Amino acid sequence: MTPYLSREDIGVAVARLAEQLDLDYRRRPPVLVGILKGGFIFLADLVRQMKTPIQGIEFLQVASYGPGTVSSGRPRMVRGIPDGAIQGREVIVVEDIVDTGTTTAFISRYLERRRPASLEVCALLDKPARRQCQLGVKYVGFTVPDRFLVGYGLDLAQRYRELPEIYTLEEGAGPG
Ligand code: PRP
């Protein structure tokens, strides 16, 4: 494994995203919807950096990857949110990574049906080279190339989520 993003890199990006969200949501406290499992660490760090009071935190669990590194392309809703949890609310979906975009598009459709006042996506990592769905990710920490990344919530067959840094599985591949 090769180090890709350090704790410091991630900390700076999370602080910047929190600042952007504070600016945009200062008059309309949001409900954050964290996407399990990968988004749990990012969400925890993000809410502690934000100064805006949060109206609520919900979790959705969607799974598209099996034991390997390739998406099945068919997201499954493993855990939904309670009825009425986001109706009329300002909703921010918090994702660790948007890759093909299949998961985020699926989640957006699910949440839109629950009639939020607004819906935006905040992703720590965005991998536009692999995108298969048209979608707007308004808040992005890092735009990353097409490499398999692990750590800071991201797994390979459920491993490596606990690492405080982000690594690429390829040998000798640095950022860029
Ligand atoms: C990962 C990641 C995103 C999704 C992105 O989740 O956390 O939710 O894949 O991929 P996509 O843009 O190609 O859909 P995964 O299905 O691996 O579940 P996990 O978060 O529980 O590991």
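**Exercise 1. Work out which residues Ile107 touches and how the helix that holds it is placed.**

Solution. Begin with the contacts (heavy atoms within 4.5 Å): leaving aside residues up to four places away in sequence, Ile107 touches Ile35, Leu60, Val62, Val93 and Glu95. This is a predicted model, in which local features need pLDDT of at least 70 and side-chain atom pairs count only at pLDDT 80 or more, while totals for chains, interfaces and linings use all residues. Residues are numbered from 1 along each chain as its sequence is written, and side-chain values use heavy atoms, with hydrogens and water left out.

Next, place the residue: Ile107 is found in helix H3, where helices (H or I, at least four residues) and strands (E, at least two) are DSSP runs numbered from the N terminus. With a relative accessible area of 0%, Ile107 is buried; buried means under 20% relative accessible area, exposed over 50%, and partly exposed in between, with a 1.4 Å probe and protein chains only.

Then widen the view to the helix: eight of the eleven residues of H3 are buried, so the helix is largely enclosed by the rest of the structure. The buried residues of H3 are Thr102, Thr103, Thr104, Ala105, Ile107, Ser108, Tyr110 and Leu111. For Thr102, the relative accessibility is 14%, and its side chain makes a polar contact of 2.7 Å with the side chain of Thr100. A polar contact is a pair of N or O atoms within 3.5 Å; within protein, one must be able to donate a hydrogen and the other to accept it, and residues adjacent in sequence count only if both atoms are side-chain atoms.

Finally, a distance for orientation: Ile107 and Leu156 are 49 residues apart in sequence, and their C-alpha atoms are 22 Å apart in space.

**Exercise 2. Describe the surroundings of the ligand, from its shell to its polar atoms.**

Solution. First, take the shell: 18 residues lie around the ligand, and Asp96, Asp99, Thr100, Gly101 and Thr103 come nearest, a residue being near a molecule or strand if one of its heavy atoms lies within 4 Å of it. Strand E3 (56-65), strand E5 (90-98) and helix H3 (102-112) each supply at least two residues of this shell.

Second, sort the shell by residue class, which gives six nonpolar, six polar and six charged residues. In this scheme Ala, Val, Leu, Ile, Met, Phe, Trp, Tyr, Cys and Pro count as nonpolar, Asp, Glu, Lys and Arg as charged, and the others, Gly among them, as polar.

Third, look at the atom pairs: a backbone N or O atom of Lys37 lies 2.9 Å from an oxygen atom of the ligand, and an N or O atom in the side chain of Glu95 is 2.9 Å from a ligand oxygen atom. For Gly101, a backbone N or O atom lies 2.7 Å from an oxygen atom of the ligand. Taken alone, the ligand exposes 490 Å², and the protein buries 94% of that; accessible areas come from the Shrake-Rupley method with a 1.4 Å probe, and for residues only the protein chains shown count as cover.

**Exercise 3. Compare the setting of strand E2 with that of the open sheet that contains E1.**

Solution. Start with E2, in which six of the six residues are buried, so the strand is largely enclosed by the rest of the structure. Both faces are covered, with Val31, Val33 and Ile35 on one side and Leu32, Gly34 and Leu36 on the other. Four bridges join E2 to E5, and the two strands run parallel; two strands pair if DSSP finds at least two bridges between them. Within this pairing, Leu32 stands opposite Ile92 in E5.

Beyond E2, the loop between strand E2 (31-36) and helix H2 (40-49) holds Gly38, which at 9% relative accessibility counts as buried. Gly38 touches Asp96, Tyr152, Gly153 and Arg161, not counting residues up to four places away in sequence.

Turn now to the other sheet: three strands form an open sheet in the order E1-E9-E8, with antiparallel pairing. Strand E1 (2-5) and strand E8 (149-150) stand at the edges, each with a single partner strand, so one side of each is left without a neighbour in the sheet. Two bridges join E8 to strand E9 (residues 166-168), and Val150 has Tyr167 as its bridge partner in E9.
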